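Q: Please give me a close look at the nonpolar core of this chain, with enough of the surrounding fold to place it. I would also like some single residues to be described by position, accessibility and contacts.

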Amino acid sequence: MPNIGGAFGLRPIAIMGQAANTTGATEYRIASTNTNPIYQGSPVIPLSTGFIDIVGAAAGGTVGLLGVFWGCEYISTTTGKKTFSRFWPGSGANSTFPVKAFVYDNPMQLFVISSDATLTNEATARGHVFANANFATATTGSASTGLSAGTLAVSTIATTNTLNLRIMGIQDDVENSDFAAAGIPLIVRLNNHYNSPNGAIAAGTVSTTGV
């Protein structure tokens with residue numbers, strides 16, 4: 001039976017290890033002049049201006065990821081009222097007030113993301129755990145649902161240390177368990193996280209080769 005989950009970007013589920021699993025989001029800022037839509041579940045990067053933005057390339061770009069965008073708050077230029085949104089539409093904010101963004105930025109945060117293609121079977125999928133991968137797309141999404149269209153690119157799975165995702169497991173999900181079809185929910189963490197003490201792409205000290 002085909003999987004029904006579809007694409008939703010990165011969805012936080014837990015934190016690695018024995019730390020308190022608060023799965024809390026940290027507040028950052030988006031420039032009110034930023035015309036790039038940022039969808040819930042999209043990976044975001046830090047900018048030298050002190051703001052954040054959606055990752056720069058469909059596969060993930062070359063800057064260490066800061067975290068995953070989960071929503072924002074701004075004053076609407078149309079209504080003059082505070083607006084809460086699961087995505088940043090790229091316009092519509094009164095520049096007198098800040099655009100507050102909420103980001104899951106813990107380097108040990110675990111997420112679920114759908115595979116963009118078949119993993120053949122469960123044994124083959126299991127063999128990819130602890131390998132790395134890139135996004136099939138990380139920059140698109142839906143303005144109607146506000147959700148990212150991000151998925152994991154099965155064709156990129158490798159040990160390569162510059163890939164943006166580390167596969168940590170497979171989520172048990174009866175409705176998305178057809179390994180011969182796209183849409184298998186894979187548990188991942190962000191590789192080369194910008195705030196990781198183990199190094200990040202931006203720092204040039206990558207140390208996260210997969211097995």
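A: The answer goes from the whole chain to the core, and then to single residues.

The model is predicted, so local features are used only at a pLDDT of at least 70 and side-chain atom pairs only at pLDDT 80 or more, while totals for chains, interfaces and linings use all residues. Residues are numbered from 1 along each chain as its sequence is written, and side-chain values use heavy atoms, with hydrogens and water left out.

The chain has one helix and 13 strands; helices (H or I, at least four residues) and strands (E, at least two) are DSSP runs, numbered from the N terminus. Their order from the N terminus is β-β-β-β-β-β-β-β-α-β-β-β-β-β. The radius of gyration, taken over C-alpha atoms, is 17 Å, close to the 17 Å that the globule rule gives for 211 residues, so the chain is as compact as a globular protein of that length. That rule is 2.2 Å times the number of residues to the power 0.38. Along the principal axes, the C-alpha atoms fill a box of roughly 55 × 40 × 30 Å.

Contact means heavy atoms within 4.5 Å. Among the contacts with a separation of 6 or more, 70% are between residues 24 or more positions apart. The chain exposes about 9,500 Å², of which carbon and sulfur atoms supply 53%; accessible areas come from the Shrake-Rupley method with a 1.4 Å probe, and for residues only the protein chains shown count as cover. Of the 211 residues, 46% are buried. Buried means under 20% relative accessible area, exposed over 50%, and partly exposed in between (1.4 Å probe, protein chains only).

Now the core itself. In soluble globular proteins, nonpolar side chains tend to be buried together. A nonpolar core is a set of buried Ala, Val, Leu, Ile, Met, Phe, Trp, Tyr and Cys residues joined through side-chain atoms within 4.5 Å. The largest one here holds 40 residues, and Leu10, Trp88, Leu152 and Val188 touch the most other members. Two or more residues each come from β3 (43–46), β4 (52–54), β5 (67–75), β7 (99–104), β8 (109–114), β12 (165–170) and β13 (185–190).

Leu10 is found in the segment before β1 (11–15) and is buried, at 0% relative accessibility. Beyond four places in sequence, its contacts are Gly41, Val68, Trp70, Phe111, Val112, Ile113, Phe135, Leu165, Val188 and Leu190. Val188 is thus both a contact of Leu10 and another of the core residues that touch the most other members. The C-alpha atoms of Leu10 and Gly60, 50 residues apart in sequence, are 13 Å apart.

For Trp88, with neighbours within four places again left aside, the contacts are Ile30, Ala31, Ser32, Asn34, Asn36, Pro37, Ile38, Phe69, Cys72, Tyr74, Ala93 and Val99. Ile30 and Ala31 are also touched by Phe51, along with Arg29, Ile45 and Pro46. Phe51 lies in the loop between β3 and β4 and is partly exposed, with a relative accessible area of 30%. Its C-alpha atom is 5.2 Å from that of Arg29, which is 22 residues away along the chain.

Leu152 is touched by Ala136, which also contacts Ala58, Asp116, Thr151 and Ala153 when residues up to four places away are not counted. Ala136 sits in strand β10 (residues 135–137) and is partly exposed at 33%.

Ile170 lies in strand β12 and is buried, with a relative accessible area of 13%. Outside its sequence neighbours up to four places away, Ile170 touches Ala125, Arg126, Phe179, Ile184, Pro185, Leu186 and Ile187. His128 is 42 residues from Ile170 along the chain, and their C-alpha atoms are separated by 9.7 Å.

Two residues deserve a note on backbone geometry. Most residues other than glycine have a negative phi. Phe130, in the loop between α1 (122–126) and β9 (132–133), has a positive phi of about 80°; Phe130 is partly exposed at 43%. Asn192, in the segment after β13, also has a positive phi, near 50°, but Asn192 is buried, with a relative accessible area of 2%.
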